[in-house]
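Work through the exercises below with the sequence and the model at hand, and try each task before reading its solution.

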Amino acid sequence: MYKISELAAKVGLSRTALLYYEKQGLITGHRLENGYRVYSDKDLQRLRLIQQLLAGGLTLKECKVCLEAKVDKQLLQSRLKALDIEIEQKQQSRYLLAAMLGEGDLKAWHTSLEKLAPDAHLDWLTKQGFSEKEALRLKWLSKDMNEHDVYMADFMTVFEPLERWGPGSESDTQKALSLLPQAPTNLLEVGCGKGLATQVLAQKTEAKITAIDNEQSALDRLTQRFKQQGISDRLETLCTSMTELPFADESFDLIWAEGSAYIMGVEKALQQWRPLLQQHTYLVISDLAWKTDTPSSESIEFWNQNYPDIQLVANRIEQIQQAGYRIVAHFPQSEEAWLDYYGPLGEQVIKLEPEMPSSAALKDIKHEVRISTKFADEFGYHFFVLAKS
């Protein structure tokens with residue numbers, strides 16, 4: 001026989017808990033002549049069984065039913081399903097915490113958050129100590145905070161020697177420029193890179209050009225190019241973020257953004273850049289678009305990971321019109337522009353593979369080259385020439 005304090009010590013419960021169990025009919029105490037309440041070994045064993053059932057997720061009421069009647073299998077199946085869901089949620093929580101500590105991959109989490117809350121995602125990344133430039137790259141490239149520095153170093157090793165950092169051609173730039181109803185006099189180029197499009201804009205117009213990019217080495221190459229041609233007086237460069245452009249409203253009569261608006265999101269770019277344009281002036285952007293409404297599963301999987309906002313042209317046009325622009329013209333980028341980028345990039349990957357066999361960045365770039373050449377008929381860049389309404 002056990003006094004209530006002795007029983008409590010054996011099962012690790014409080015005196016109050018045991019009295020409650022007794023009130024619920026789970027154990028039965030007997031009062032001695034001296035007034036002490038005592039319990040039998042049967043009560044001890046019932047308590048230990050109850051503790052096992054509680055650990056399985058049953059309520060105290062359900063434990064009593066199990067003790068007094070045949071086990072309700074449907075009840076147990078329901079509890080098992082709930083427990084499986086809870087375990088999965090806990091595993092996901094553990095995976096995220098481990099990844100944030102550098103013990104796992106955050107790529108899937110970043111991708112999911114980018115779809116659900118892109119602005120909050122960017123703000124959170126900057127609060128983790130990344131500059132806005134690094135955070136923008138983190139969103140679209142490595143998607144892993146712990147490996148970001150190594151990833152970006154490898155990424156720049158691949159791209160630094162290349163003239164083009166994205167699909168494009170002089171002929172496409174000229175074509176888009178020729179579709180403008182009037183020549184610009186003061187234009188802003190967003191995401192200029194090394195300035196291949198900038199050079200065409202300078203050759204084909206008399207405009208003053210403000211070129212921005214978040215990579216200083218690219219701007220240095222652009223400045224050098226203009227000095228060599230003796231036209232540096234028409235160029236101003238600025239290393240800054242495209243998300244917070246430091247210009248007054250109505251500063252420009254043309255904004256030019258080849259293949260760069262995706263970094264901050266096309267819809268956001270359309271909204272934020274619009275005030276910088278003077279009335280009845282123009283915006284030219286190019287953006288990745290589906291060429292078919294039935295792309296292959298491999299293409300869908302790749303772009304869901306790397307650019308989830310890829311749209312059909314018709315959908316993008318609807319977004320453009322809702323943002324307050326009129327479509328002047330639009331056309332698909334040429335095959336030449338695609339090959340001028342992915343050809344040299346593919347050669348660079350082959351060249352560097354022996355030197356960088358374990359590089360995650362090189363592996364990702366190689367995969368992009370394969371997808372973008374194998375399925376080139378399913379997606380590609382599309383130019384939009386727009387007028388501010």
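**Exercise 1: a small sheet**

In this predicted model, Arg-31 stands opposite Arg-37 in β3. Local features are given where pLDDT is at least 70, and side-chain atom pairs count only at pLDDT 80 or more, while totals for chains, interfaces and linings use all residues. Residues are numbered from 1 along each chain as its sequence is written, and side-chain values use heavy atoms, with hydrogens and water left out.

Task: establish in which order the three strands form the open sheet, and which of them stand at the edges.

Solution. Begin with β2 and β3 (residues 37-39), which run antiparallel and are joined by two bridges; strands are DSSP runs of E with at least two residues, helices are runs of H or I with at least four, and both are numbered from the N terminus. Two strands pair if DSSP finds at least two bridges between them. The order of the open sheet is β1-β3-β2, with antiparallel pairing. It follows that β1 (2-3) and β2 (30-31) are the edge strands, each with a single partner strand, so one side of each is left without a neighbour in the sheet.

**Exercise 2: two helix pairs that share α11**

Task: describe how α11 crosses α10 and α12, and which residues meet.

Solution. Two packed helices are described by the angle between their axes and the distance between the axes. For α10 (residues 170-178) and α11 (residues 196-204), the axes come within 9 Å and cross at roughly 45°. That makes α10 oblique to α11, where angles under 35 degrees count as roughly parallel, over 145 as roughly antiparallel, 65 to 115 as roughly perpendicular and the rest as oblique. The axes are lines fitted to C-alpha atoms, for helices over the stretch in contact, and angles run from 0 to 180 degrees between N-to-C directions. As to residues, Glu-170, Thr-173, Gln-174 and Leu-177 of α10 meet Ala-197, Val-200, Leu-201 and Lys-204 of α11, contact meaning heavy atoms within 4.5 Å.

Turning to α12 (residues 216-228), its axis and that of α11 come within 10 Å and cross at roughly 30°. Here Leu-196, Thr-198, Gln-199 and Ala-202 in α11 meet Leu-222, Arg-225 and Phe-226 in α12.

**Exercise 3: α3 against α4**

Task: determine how α3 and α4 are oriented and which residues they bring together.

Solution. The axes of α3 (residues 41-55) and α4 (residues 60-68) come within 10 Å and cross at roughly 125°, and the two helices are therefore oblique to each other. In the contact, Arg-46, Leu-49, Ile-50, Leu-53 and Leu-54 of α3 meet Leu-60, Cys-63, Cys-66 and Leu-67 of α4.

**Exercise 4: a salt bridge**

Task: find which elements are tied together by Arg-316 and Asp-287.

Solution. A salt bridge is a side-chain nitrogen of Lys or Arg within 4 Å of a carboxyl oxygen of Asp or Glu, and by this rule the count comes to eight. In one of them, the side chains of Arg-316 and Asp-287 meet at 3.0 Å, N to O. Arg-316 lies in helix α15 (residues 313-322) and Asp-287 in strand β8 (residues 277-290), so the pair ties together parts that are 29 residues apart in sequence.
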